[in-house]
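Thanks for coming. I will take the two sheets in turn, and a helix pair after them. Please have the structure open while I talk.

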Amino acid sequence: MSALLEVKDLKTYFYTVDGVLPAVDGISFSINKGETLGIVGESGSGKSVTARSVMRLIPDPPGKIEEGSILFNGEDILAKKEQDMQKIRGNKIAMIFQDPMTSLNPLFTIGNQIMESIMLHQRSSKKEAREKAIEMLKLVGIPSPERRIGDFPHQMSGGMRQRVMIAMALSCQPDLLIADEPTTALDVTIQAQILELISDIKEKFNMAVMIITHDLGVVAGVADRVIVMYSGKIMEYGDIRSLFSSPLHPYTRGLMDSIPKLDSEERRLKSIAGTLPSLTEHITGCRFASRCSVAKSLCHIKEPSLVDVDGRSVRCFLYSDGERD
């Protein structure tokens, strides 16, 4: 089965007064129809830039997709003209952004904003678009959708606004839904509801989903496979069960250790020492070496390659013969 989305050696750089920032530096992955892929990492690891690269929403200048290909249904979207991309965005590939309050226009009702997408992509009449908008609001669990369709964003809670964003993203039944930190700033109960909603809708429409988050706990119950990113690189890539049962990369282990556990007697959460290196720094070795508790001298002078370990990919000399080079 050919992948719905196939990203190959993607490099997205930003050109600033401080130098070139390799925000995404040679990553490759794929997503099949009906599958959920999680992309996890700290802020600044390149997750959102990856998502925006797939949508062709990198601001140029200062950003630029330097190399690689992004195949969607077998076609390279990087080779498409902007007018062709406008037919794909919101129609075939839809995106839920982090903050629904800033993503929704405060001057228009939520109904108008959902209807706009439907009329643009599906050539529907205003009446048909309104009916579809009400149907979508009902699908995402908004009560009294016939009445709430006339509400403005500020009249809704954060959780309801996020549901509106999901309704808008799904209004044209896309093949791929990208959710960029969809539960940020929501309380734990609402987070669980939003994640369950995304999973239910994925099953209903047999969509592929790419979920971006800094929290491994978020992807635990929804993802089939997961990518762990750090400083623009993939550190580990594999199925979610294997990754949770036996994380391979020291960075993945650090992220796992930072998740609160109900059966733990420790009062303080563990954290990963140090901070992400600046993307303007020229790093010759492993990008995680300065924060790694098991780093060797080789790790500071040579970058490890992604190697296959029991069906997973991991970028670490612990699993390669780099020590003997």
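**Two sheets and a helix pair**

Let me start with the smaller strand numbers. Four strands make an open sheet, ordered E2-E1-E4-E5, with antiparallel pairing. This is a predicted model, please keep that in mind throughout. The edges of this sheet are strand E2, residues 19-31, and strand E5, residues 75-76; each has a single partner strand, so one side of each has no neighbour in the sheet.

Inside the sheet, strand E1, residues 5-16, pairs with strand E4, residues 63-72, in the antiparallel sense, and the pairing runs over 8 bridges. To find the register, look at Tyr-13, which stands opposite Lys-64 in E4. Helix H1, residues 47-54, packs on this sheet and touches E1, E2 and E4. The direction of H1 makes about 110° with that of E1.

Now the other sheet. In what order do its strands run? The order is E6-E7-E8-E3-E9-E10-E12-E11, which is 8 strands in an open sheet with mixed pairing. Strand E6, at 93-96, and strand E11, at 306-309, are the edge strands; each has a single partner strand, so each has one side left without a neighbour in the sheet. On average, neighbouring strands here are turned by 20° against each other, direction ignored.

One pairing to look at is that of strand E3, residues 36-40, with strand E8, residues 208-213: they run parallel and are joined by 5 bridges. Within that pairing, Gly-38 has Ile-211 in E8 as its bridge partner.

H1 comes back at this point. This helix packs on the 8-stranded sheet too, touching E3, E6, strand E7 (176-180), E8 and strand E9 (225-230). The direction of H1 makes about 145° with that of E8. Helix H11, residues 250-257, also packs on this sheet, with contacts to E3, E9 and strand E10 (233-239). Its direction makes about 105° with that of E9.

Last, the helix pair. Helix H7, residues 158-170, packs with helix H8, residues 188-205, at an angle of about 15°, and their axes are 10 Å apart. Angles under 35 degrees count as roughly parallel, and H7 and H8 are therefore roughly parallel to each other. Their crossing is right-handed.

Which residues meet? From H7 there are Gly-159, Gln-162, Arg-163, Ile-166 and Leu-170, and from H8 there are Ile-190, Gln-193, Ile-194, Leu-197, Ile-198 and Ile-201. By class, that contact has 7 nonpolar, 3 polar and 1 charged residues.

Technical notes. Residues numbered from 1 in each chain as written. Predicted model: local features only at pLDDT ≥ 70, side-chain atom pairs only at ≥ 80, totals over all residues. Heavy atoms only, no water. Pairing = 2+ DSSP bridges. Contact = heavy atoms within 4.5 Å. Axes fitted to C-alpha atoms, helices over the stretch in contact; angles between N-to-C directions. Parallel < 35°, antiparallel > 145°, perpendicular 65-115°, else oblique. Left-handed = near helix turned anticlockwise from the far one by under 90°. Nonpolar A, V, L, I, M, F, W, Y, C, P; charged D, E, K, R; others polar.
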